[in-house]
Amino acid sequence: MLDDREISSLEALSNGWRVIREALPPLWKTYAISVVCMVGVAFFTGALANSTKTIVNGVFVDATPGAAWRVAGLVIAISAAKSLMTYGSALIAAIFNRSISITYQKKLFEHILNQDVAYLAREHPPRQMAVLMQIGRSAGRVVMGVCNRAVVEVLTLIALLGVMVMQDPGMTLLCGVVFPLIFWLVSHLSKKIRSATKRELKLAGRYFEVGSEIFDGIKTVKSFQMEEASIARFDAAVDKAEKRVLHVARISATTVPMMELLGGLVIGLFVVYGAWQTADGSRTPGEFAAFITAFLMAYQPAERLSRIWVDMQKQMVLVTQMYDVLDREPVRMRYGTADLPRAHTPEIALQDVSFRYGEDAAALTGVSTVIPAGERVAVVGSSGAGKTTLIDILQRFYDPQEGKVTLDGTDIRDISHEALHRSIAFISQDVFLFDGTLAQNIADGNPDASREDIEQAARRACLEDVIATLPKGLDSPVGPNGQALSGGQRQRLAIARGIAKKASIYIFDEITSALDPENERAIMASVIAALDGATLIFVTHRPSTLAYVERVIVMSEGRLVASDTPAALAQDNPAFNSLFEDTTPGHAG
Ligand SMILES: Nc1ncnc2c1ncn2[C@@H]1O[C@H](COP(=O)(O)OP(=O)(O)OP(=O)(O)O)[C@@H](O)[C@H]1O
């Protein structure tokens, strides 16, 4: 999903600026309040530093009666006002961070989901999710870092520098010598951070990938006692990622001690200079104390600014990677505009269809057949014969490199996305259910389905007995991916979802694999009656399914090697008979 390319500081900066330009304007009202808070923080921090002069001269040097109470009250009032402003500014910054991150995470998710199946099949889902979360979050962090955290620190720094200038302009100028040094230090670290960040992101995605793979296959892990090996795999992935994170942290952490060293140097100079100035009477102790307080206080925002800058280097690289994803044209097939009439079953024709995955050997070679409207046909063949590829091409998950598929004579590449997917329903043996109720999962097949349609679809998929045992009937939750249901119940729910769709072409991929023979017979009979008039294509290894079809297409090594009624094939076709030895399928009409 991510490009492995060099990202220059200029590019990272311009993408940082781009995200600010995009994300800030819609939030300008909240930002205006934030600016008031930030100016408040800066002003009251400066006032606090300046109050040192009043404390030292008023309370200790002049020692006028009641001065201590007055000054204490003033300091408390300034501190309270500063705290309030800091709270407001920090709260708004957190809100910005969250809302902007969420906006970009949603954008990324939508962008990735809009890609073709062919593209998505190449990527690892948990890795995509991890990368997506991290790069989306960086958008919020850049805006918060630059527009909130950095602004408040810059304003505070200016206020404190103002206090320093008011006390001693000459000495303030002298402090300026540290700034080029700070700049050099920070830009040196930034370069290192940028290249380390890209590698960190890759590794973070990797450990999500390893972890989720283990949980997906938890039953295999347990039954093959692979716990230790799995833990070792996960630990290795985490350790590798952590090493990288630590590497970045080590680079970032260098800023603080380096800055402190520079600060210590300047304070040393002050002490000598201050002692000399107050001794000859050209400065009051209060002025010197205010100057040194302002310097010490100014030092904190300067240090924080350098840390923000270093952190921004990392976030801007992530933002650049985010735009790499968002700016890339989605890998999408071009669909035509032709419509398919509703409530009409089209004739399907495959003409010399050949297909290969990438550079691999051909998965389909010269497949031709016509499936008349309303036919019930089985596609059989040994493992790897090309059955799945064939039905994927029928649904246009992939386009064949040669030949074409037509519906009523129209090339499916010329049919609109909506019309094509409205007409075809695919019911897979790998049932995928959302974490909702039975009724909601059935309605996923057809968002316009009425309650009555849902109940009818459930009846036709023979779900009545299941519903009767559930406390809330159709409104009972199915759990994550239908875990509250048995394999057979999940399959029936998937069939009900397909029936609710009211498509004209149905593709069933081993849909009764988890059902006992009795249930299988009942469901097949009910499904066939419910879908009268639609074309039904069954991909199957089960001889029992052949009793319900009019024709069988036999696939072998990507070729269509036979096509006839089950009975005719059973009589004299060796390819068919080798698949279904000892079975003599009947015909259920
Ligand atoms: N995503 C893919 N990338 C590369 N090759 C693939 C991919 N999917 C399938 N193939 C290859 O294409 C050929 C046909 O596979 P296909 O999945 O269509 O067979 P199948 O008949 O459905 O097998 P099964 O009954 O085992 O599901 C096989 O050689 C397989 O290795």
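The legends below describe close-up views of a predicted model.

**View 1. The open sheet of 4 strands.**
The strands of this open sheet follow the order β2-β1-β4-β5, and their pairing is antiparallel. The edges are formed by β2 and by β5 (410–411), each of which pairs on one side only. Strand β1 (residues 348–356) and strand β2 (residues 362–371) run antiparallel and are joined by 6 bridges. One bridge pair between these strands consists of F355 and, in β2, its partner L364. Strand β4 (residues 402–407) also runs antiparallel to β1, to which 5 bridges join it. Along this pairing, L350 has V405 of β4 as its bridge partner, and Q351 stands opposite K404 in β4.

**View 2. The hairpin of β1 and β2.**
A hairpin is formed by β1 and β2, with 5 residues between the two strands. Within the turn, G358 has a positive phi of about 55°. In a regular strand, side chains alternate between the two faces of the sheet. Helix α12 (residues 387–394) lies across β1, β2 and β4. The helix α12 runs at about 60° to β2.

**View 3. The surroundings of the ligand.**
The residues that surround the ligand include A121, Y357, D360 and A363. Also among them are G381, S383, G384, A385 and G386, together with K387, T388 and T389. By character, the residues of this shell divide into 4 nonpolar, 6 polar and 2 charged. Helix α12 contributes 3 residues, the largest share of the shell around the ligand.

**View 4. The open sheet of 6 strands.**
This open sheet has mixed pairing, and the order of its strands is β6-β7-β8-β3-β9-β10. At its edges stand β6 (424–427) and β10 (559–564); each has a single partner strand, so one side of each is left without a neighbour in the sheet. From one strand to the next, the twist averages 20°. Strand β3 (residues 376–381) pairs with strand β9 (residues 551–556) in the parallel sense, over 5 bridges. One bridge of β9 involves R551, the partner of V377. Helix α17 (487–501) lies across β6 and β7 (505–509). Relative to β6, the helix α17 runs at about 180°.

**View 5. Helix α15 and its covering.**
Helix α15 spans residues 451–460, and its buried residues are I454, A457, A458 and R460. Seen down the axis of α15, these buried residues fall within an arc of 165°, so they line one face of the helix. An α-helix has 3.6 residues a turn, so residues three or four places apart point the same way. On the other side of α15, R451 and E452 are exposed. The buried residues of α15 are covered by elements that include α14 (438–443) and α16 (464–469). The covering also includes α17 (487–501) and α18 (517–530). Just after α15, C462 takes a positive phi of about 55°.

How values were computed:
Residues are numbered from 1 along each chain as its sequence is written. This is a predicted model: local features need pLDDT of at least 70, side-chain atom pairs count only at pLDDT 80 or more; totals for chains, interfaces and linings use all residues. A residue is buried if 20 or more other C-beta atoms lie within 10 Å of its own, exposed if 12 or fewer, and partly exposed in between; C-beta atoms are placed from the backbone. The arc is that of the directions from the helix axis to the C-beta atoms. Two residues are in contact if their C-beta atoms, placed from the backbone, lie within 7 Å. Two strands pair if DSSP finds at least two bridges between them. A residue is near a molecule or strand if its C-beta atom, placed from the backbone, lies within 6 Å of it. Ala, Val, Leu, Ile, Met, Phe, Trp, Tyr, Cys and Pro count as nonpolar, Asp, Glu, Lys and Arg as charged, and the others, Gly among them, as polar. Axes are lines fitted to C-alpha atoms, for helices over the stretch in contact, and angles run from 0 to 180 degrees between N-to-C directions.
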